[in-house]
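Thanks for making the time this morning. I would like to walk you through one model, starting at its surface and then moving inward.

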Amino acid sequence: MYILEFFKDVVYSSISILNGASGWLIISFIIAGLLHNLISPQKFQKSLGNTKISSLLKSTVSGMLLPICSCGVIPIGISMYFSGAYLGPVLAFMTSTPIINPIAVVLSLGLLGPDITIIYVISGFVVPLIVGILGNKLGKNELYIKQDEDEEVAIELEEDSLSFSQKIIEGLKWSFSELALTISKYVVIGMLVAGFITTVFPSSIIQKYLGNPGVLSLGSIAILACIMYVCAVGHIPFIAALVASGASPGVAITFLIAGAATNLPELISMYNVIGKRTVAIYSLTLTTCALVIGYITNYLLMGKATNINMSYTQESINIANSIMLNIPDSMKYVCSFIIVIFCIKAILPSLRKVVRNEA
């Protein structure tokens with residue numbers, strides 16, 4: 001009986017997490033499809049196909065302006081990578097996009113105050129640059145996708161022969177066939193694992209650890225945040241409530257940064273599509289940076305009174321709600337259904353092969 005209840009809780013948590021990300025995934029598939037054909041591999045190579053700091057700055061800043069979660073950024077980042085961008089700019093983009101965005105900054109300013117928000121904004125800019133630099137330095141075979149000259153010429157000739165509308169149609173076909181099938185199976189698997197972890201480690205346990213500024217607390221929260229599904233916008237009110245009740249500001253911001261930029265669906269997708277070295281660079285660098293930022297935040301702000309102006313808080317929430325894209329619940333279920341269908345379609349060939357072998 002207990003096992004059945006636990007299984008139900010895991011499924012419910014997985015569905016809730018998938019519903020929160022599925023709408024952004026569909027939107028990201030559309031953006032990735034547009035990028036795939038409207039911006040040629042040659043343009044990507046010229047802009048992001050190098051190890052220059054300027055390329056990392058472009059990726060970081062553009063990512064900071066997009067209010068997309070860490071699951072939603074997967075299709076766009078992988079599309080950039082397969083279109084010719086180097087690993088560093090791709091990782092910088094996939095780090096900055098979920099960590100920080102205009103909506104998160106507005107909420108943070110109102111709910112967490114200017115001190116934590118300043119650290120949050122600086123971290124949202126510096127951490128992606130560090131991840132990008134290490135990606136360029138340590139990435140070997142994963143640094144970029146090598147294409148034959150004949151293949152590049154064929155792509156260029158094909159693009160030149162297509163009209164603007166044809167490029168859009170072909171790009172969307174690619175995104176909702178090849179890319180969607182590749183990403184969806186890893187996302188659904190990651191969501192199931194994330195649902196299991198969320199059930200095993202409920203908010204009450206996280207709250208207990210967040211209230212302790214010790215070494216074990218910082219380390220365990222950074223690791224836990226890396227595998228959980230955390231949305232920067234959605235978790236800021238949760239973090240604010242903890243800080244207001246006396247929780248360590250350093251542990252809170254460690255949880256927010258490490259959790260927003262990493263989760264299992266993203267790590268699993270990155271591992272299978274780009275490579276295990278990329279996952280190691282990405283996750284270890286983020287975890288280390290989150291810990292360092294947590295220590296610095298505690299050093300600067302521990303013992304400092306946290307005064308939250310309730311009128312300004314409500315004003316910040318109103319501003320955030322006015323600029324946030326709210327996907328209706330009915331559409332979330334539709335988008336989740338589509339992602340699951342993509343997942344089933346992707347794994348069917350393997351299942352058929354297994355059945356044939358057993359027969």
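Which residues make the nonpolar surface patch of about 950 Å²? Please keep in mind, as we go through this, that what you are looking at is a predicted model. The patch is made by I53, L57, V61, L65, I118, I122, F125, V126, I130, I133, L134 and L138. Two helices, α3, which covers residues 53-64, and α7, which covers residues 113-138, each supply at least two residues of this patch, and the largest share, eight residues, comes from α7.

Let me take one member of the patch, V61, which is found in helix α3. Is V61 buried, partly exposed or exposed? Its relative accessible area is 39%, and because buried means under 20% and exposed means over 50%, V61 counts as partly exposed.

For contrast, let me turn to I257, which is found in helix α13, residues 249-261. At a relative accessibility of 1%, I257 counts as buried, since the cut-off for that class is under 20%. Which residues does I257 touch, if we leave out those up to four places away in sequence? They are I99, S123 and I293. I257 can also be paired with Y120, and here the two residues are 137 positions apart in sequence, while their C-alpha atoms are 8.1 Å apart in space.

Stepping back to the whole chain, the secondary structure comes to 17 helices and zero strands. Of the 359 residues of the protein, 49% count as buried. The protein exposes about 17100 Å², and carbon and sulfur atoms supply 67% of that area. As for contacts, if we take those with a separation of 6 or more, residues 24 or more positions apart account for 87% of them.

Finally, a word on annotation, which I would treat as a record entry and keep apart from the computed values. The unreviewed UniProt entry lists, under "transmembrane region", residues 12-35, 56-78, 90-111, 118-135, 183-202, 209-230, 279-301 and 330-348. What does the model show over two of those spans, 279-301 and 330-348? Over residues 279-301 the chain is 100% helix and 0% strand, with the end C-alpha atoms 32 Å apart. Residues 330-348 are likewise 100% helix and 0% strand, and in that span the end C-alpha atoms lie 27 Å apart.

Terms used:
Residues are numbered from 1 along each chain as its sequence is written. This is a predicted model: local features need pLDDT of at least 70, side-chain atom pairs count only at pLDDT 80 or more; totals for chains, interfaces and linings use all residues. Side-chain values use heavy atoms; hydrogens and water are left out. UniProt positions are given in the numbering used here, feature names are shortened, and annotations may be inferred rather than shown by experiment. Helices (H or I, at least four residues) and strands (E, at least two) are DSSP runs, numbered from the N terminus. Patches are made of residues with over 30% relative accessible area and no salt bridge: like charges are joined within 9 Å, nonpolar side chains (Val, Leu, Ile, Met, Phe, Trp, Tyr) within 5 Å. Accessible areas come from the Shrake-Rupley method with a 1.4 Å probe; for residues, only the protein chains shown count as cover. A salt bridge is a side-chain nitrogen of Lys or Arg within 4 Å of a carboxyl oxygen of Asp or Glu. Buried means under 20% relative accessible area, exposed over 50%, partly exposed in between (1.4 Å probe, protein chains only). Contact means heavy atoms within 4.5 Å.
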